[in-house]
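Colleague: I'm new to this one, so could you walk me through it? I'll ask, you explain.

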Amino acid sequence: MDRLEALQQFMEHHVFAVWDFMALLKVLQRRICCVEVPWLPPVDAQACRFINEIVLAEESDGDNQVGFASHFDIYHRSMKQCGANTAAIDSLIGELRQGVPLRTALELPIIPHAARLFVEHTFSVIESGNLCAIAAAFTYGREDLLPDVFQRIVDKLDAEADGQLADFKYYLQRHIGLDGDEHGPMARRLIQALCGSDESNWQAAEDSAVSSLIARRKFWDGIYDQRLKT
């Protein structure tokens, strides 16, 4: 990722991971917190608090323009700021808003193949219904902490692009701070609470974590392969 064009292509793919992360989070919120009427007290108040804190930050964080925005919206805005194309993710969301089933919407030709496979894996975990597997995919299969080296690359490219990556830098700073200091440790405690002393729960969590990391590796390899073709 040595120039702005490479970062743009990365973002055009990676935005799908930013988007489907919210699906994992919302399933956890549904299962752990009460989002139905009539309301019922949560079985695990500590886990409920943790999930609601993450939802608050991910869905309505303070942004760098003196307002509030979801992390997806900040990422989407940063794509536009640096010249990345948002047409693929916009098309998917447009189809979903019209009630098109996800699996059908993912067949849109404009959606990158690597992104399609990654989202399909995420939703296969969700559709398994196994809460420990879903929580493990959420905790270990996503960006617990974005590498410092990635931050340095963005800093360098931002300087070369005369500030075109200001919003993306803000996005990275929020994730590095929240995931490392707050969300990461809380997510690991959530796994411990859900799995308890049940070996089958821990096995489901481990299998899900491994498969999610493999899916992420394939996703990034797919982005790299696409870059080599252009």
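Modeller: Here come some short questions and answers about helices, the core and salt bridges. This is a predicted model, where local features need pLDDT of at least 70 and side-chain atom pairs count only at pLDDT 80 or more, while totals for chains, interfaces and linings use all residues. Residues are numbered from 1 along each chain as its sequence is written, and side-chain values use heavy atoms, with hydrogens and water left out.

Colleague: Is aspartate 20 buried or exposed?

Modeller: Aspartate 20 sits in helix 1, residues 4-32 (helices are DSSP runs of H or I, at least four residues, numbered from the N terminus). Buried means under 20% relative accessible area, exposed over 50%, and partly exposed in between, with a 1.4 Å probe and protein chains only. Aspartate 20 has a relative accessible area of 0%, so the answer is buried.

Colleague: Which residues does aspartate 20 touch, not counting those up to four places away in sequence?

Modeller: A contact here means heavy atoms within 4.5 Å. Leaving out residues up to four places away in sequence, aspartate 20 touches Phe118, Val119, Thr122, Phe123 and Arg142.

Colleague: Which helix gives the most to the largest nonpolar core?

Modeller: A nonpolar core is a set of buried Ala, Val, Leu, Ile, Met, Phe, Trp, Tyr and Cys residues joined through side-chain atoms within 4.5 Å. The largest one has 72 residues, and Phe16, Trp19 and Phe138 are among those with the most contacts inside it. With 17 residues, the element giving the most to this core is helix 1.

Colleague: Which residues does phenylalanine 138 touch, again not counting those up to four places away in sequence?

Modeller: Phenylalanine 138 is one of the residues with the most contacts inside the largest core. Skipping residues up to four places away in sequence, its partners are Phe21, Leu24, Leu25, Leu28, Phe50, Ile54 and Ala187.

Colleague: How far apart in sequence are the parts that arginine 77 and aspartate 167 tie together?

Modeller: These two form a salt bridge, with the closest N and O atoms 3.3 Å apart (the rule is a side-chain nitrogen of Lys or Arg within 4 Å of a carboxyl oxygen of Asp or Glu). Arginine 77 is partly exposed at 22%, whereas aspartate 167 is buried at 4%. Because arginine 77 lies in helix 3 (residues 71-82) and aspartate 167 in helix 9 (residues 166-195), the pair ties together parts whose separation in sequence is 90 residues.

Colleague: And which residues are linked with Arg77 in a network of salt bridges?

Modeller: The count of salt bridges comes to eight. In the network, Arg77 is linked with Asp63 and Asp167.

Colleague: Is glutamate 127 buried or exposed?

Modeller: Its side chain meets that of arginine 103 in a salt bridge, 2.9 Å from N to O. Glutamate 127 is in helix 6 (residues 113-128) and arginine 103 in helix 5 (residues 102-105). Arginine 103 is partly exposed at 34%, but glutamate 127, with a relative accessible area of 54%, is exposed.

Colleague: Last one: what is the handedness of the crossing of helix 7 and helix 10?

Modeller: Helix 7 (residues 131-140) and helix 10 (residues 199-229) pack at about 40 degrees, with their axes 8 Å apart. Residues meeting there include Ala133 and Tyr140 in helix 7 and Ala205 and Leu213 in helix 10. A crossing is left-handed if the near helix is turned anticlockwise from the far one by less than a right angle, and right-handed if clockwise. For this pair, the crossing is right-handed.

Technical notes
Helix = DSSP H or I, 4+ residues; strand = E, 2+ residues; numbered from the N terminus. Axes fitted to C-alpha atoms, helices over the stretch in contact; angles between N-to-C directions.
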